[in-house]
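Colleague: I would like a close look at a single part of this model, the place where the two chains meet, with enough of the surroundings to make sense of it.

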Protein chains: 2
Amino acid sequence: MIRVVLIGSGNLAYHLHRALLQAGGVQLAGLAARREAALDGFDPSVPRLPLGEPPEGADIFLLAVSDQAIARVAAQYARGSALFVHTSGAMGLDVLEPLSRKGVFYPLQTFSKGRELSFDEVPICIEAPVESDMALLSSLARALSTRVVQIGTDKRRELHLAAVYINNFSNHMICLGETLCKKAGLPEGLLHPLLRETCSKVQDLSAYEAQTGPARRNDTATLNAHLDLLKGSPESELYRIVSESIQRTYEQEL
Amino acid sequence: MIRVVLIGSGNLAYHLHRALLQAGGVQLAGLAARREAALDGFDPSVPRLPLGEPPEGADIFLLAVSDQAIARVAAQYARGSALFVHTSGAMGLDVLEPLSRKGVFYPLQTFSKGRELSFDEVPICIEAPVESDMALLSSLARALSTRVVQIGTDKRRELHLAAVYINNFSNHMICLGETLCKKAGLPEGLLHPLLRETCSKVQDLSAYEAQTGPARRNDTATLNAHLDLLKGSPESELYRIVSESIQRTYEQEL
């Protein structure tokens, strides 16, 4: 039985606590957060621990807080001897410097509180400098997911950057499209079949093959007409930059 | 029975010819293209017509060519009296100037030749200045799709712009993410669960609500670390511009 203490109260902490409660061979021994009230929506049966309490009997401390808070929170646990891991895609091991046993447990997924999500297929990227810690981390990861990979900090950072494009940036483009549609007074539902096909297509083809549209066709008349429509909006620069990036991607073919 | 001649040989023309062959009350009377060889993958039973042949017996000429080619091709049909419609999201009616009866038939979707697509749910945006032409156009559109809307040129242009964000731009972000992953030598499959959840989420929530990540959290340390990773790449400006746009979108909340 791996005893885990989870620190944090955000989207990732929420989904981790649900997954840990369901996992076999794992006991969620406690929850801690900077503001305990932020844990209100979490399972009430799990003990709330004061932040910085020495990790009596816990095997792993899972730190699911914002990147900026990791070092500060880690410092509060410097006396302990449990394995202490953060869940960030972007941070190295050095941010856990004062701790004797450290590692990384990075689930590569987008988490929102109001949304059910199965951890089974979430790739979990693990890293630990000591072999026995890596084995423990691997056992915990395998209890949550079928996809566990050992990845060092440099590669994890590149993966995290790629994930920002795949999720955050693509989502934002859809957000801008929905906003334009709303501003024009057009029914939003009009765009739903296109959104569905966009999503379906990019899972069957590579995004490179799936591309269509004026930038892909190098249709400068339409590109200029769109820039005219956006004139005066802070988004016109984004339109230009993204179109140029698409044109650059297919330059050889035109 | 509506007799249709289809002009063009690209992705849209291909999918239109398939849909027209299956539609009830519609006869695909002929195909024309600038280069007839480009029609090789099209149904061999449909007569090939020389470009510019007078529209004997045809009710509607459907022009599915690139925006830049519309005026040039339309001019070749100036003697005819059939209804002549283009399929562009970006062009007005004026581009069909020499023709006596004109209109627009814009299917709001992304089309790729190698991919099956059902027209049933594709919104078709129609426009025609003469009421009887609009009625004919509406009949044709309804034979192909359950979602037919009358939209004037200005609104159609705004819709087309929104569609570029929803499809082309979001797809390109995914393309950049896949490229980064490949360049880093990481297995591409690692990103698939994230891509699946990105797509699933944005169809359940609005993209506005679905957003997560460093720009959404205003996590400047990670944003700067990512810009460092991208240093020297032409994509670093895109990263900055898109992140700033996300930050602007959620400014009020931070």
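At what angle do helix 4 of chain A and helix 7 of chain B pack, and how far apart are their axes?

Modeller: Please keep in mind that this is a predicted model. Helix 4 of chain A, which covers residues 153-183, packs against helix 7 of chain B, residues 220-229, at an angle of about 105°, and their axes are 11 Å apart. Because of that angle, helix 4 of chain A is roughly perpendicular to helix 7 of chain B. On the side of chain A, the contact is made by Arg157(A), Glu158(A), His160(A), Leu161(A) and Val164(A) of helix 4, while chain B contributes Thr222(B), His226(B) and Leu229(B) from helix 7. Sorted by class, the residues of this contact are 3 nonpolar, 3 polar and 2 charged.

A second pair of helices also deserves attention. The axes of helix 5 of chain A and helix 5 of chain B (residues 192-204) come within 10 Å and cross at roughly 170°, which means that helix 5 of chain A is roughly antiparallel to helix 5 of chain B. Leu195(A), Arg196(A), Cys199(A), Val202(A) and Gln203(A) of helix 5 of chain A meet Leu195(B), Arg196(B), Cys199(B), Val202(B) and Gln203(B) of helix 5 of chain B. The residues of this contact divide into 6 nonpolar, 2 polar and 2 charged.

Helix 5 of chain A, residues 192-204, also holds Glu197(A), one end of a pair that crosses between the chains, the other end being Arg115(B) in the loop between strand 5 and strand 6 of chain B. Arg115(B) and Glu197(A) form a salt bridge in which the closest N and O atoms are 2.7 Å apart, and the structure holds 23 salt bridges over all chains.

As for the relation between the two copies, chain B can be laid on chain A with an RMSD of 0.0 Å by a turn of 180° and a shift of 0.0 Å along the axis, and that is the relation of a two-fold axis. In chain B, the C-alpha nearest this axis belongs to Ser170(B), at 2.0 Å from it. The same surface serves both copies, with 99% of the contact residues of chain B recurring in chain A.

Behind these contacts each chain has a sheet. In chain A, an open sheet of 7 strands follows the order 2-1-3-4-5-6-7 with mixed pairing. Strand 2 (26-32) and strand 7 (148-150) of chain A stand at the edges, each with a single partner strand, so one side of each is left without a neighbour in the sheet. From one strand to the next, the twist averages 25°. Strand 1 of chain A, residues 2-7, runs parallel to strand 2 of chain A and is joined to it by 6 bridges, and Val5(A) stands opposite Gly30(A) in strand 2 of chain A.

In chain B, an open sheet of 7 strands likewise has the order 2-1-3-4-5-6-7 and mixed pairing. Here strand 4 (residues 83-86) and strand 5 (residues 102-107) of chain B pair in the parallel sense over 3 bridges, with Lys102(B) in strand 5 of chain B as the bridge partner of Phe84(B). Helix 4 of chain B, residues 153-183, lies across strand 4, strand 5 and strand 6 (124-127) of chain B and runs at about 25° to strand 5 of chain B.

How values were computed
Residues numbered from 1 in each chain as written. Chains lettered and ligands numbered in written order. Predicted model: local features only at pLDDT ≥ 70, side-chain atom pairs only at ≥ 80, totals over all residues. Heavy atoms only, no water. Axes fitted to C-alpha atoms, helices over the stretch in contact; angles between N-to-C directions. Helix = DSSP H or I, 4+ residues; strand = E, 2+ residues; numbered from the N terminus. Parallel < 35°, antiparallel > 145°, perpendicular 65-115°, else oblique. Contact = heavy atoms within 4.5 Å. Nonpolar A, V, L, I, M, F, W, Y, C, P; charged D, E, K, R; others polar. Least-squares fit on C-alpha atoms with pLDDT ≥ 70 in both. Pairing = 2+ DSSP bridges. Salt bridge = Lys/Arg side-chain N within 4 Å of Asp/Glu carboxyl O.
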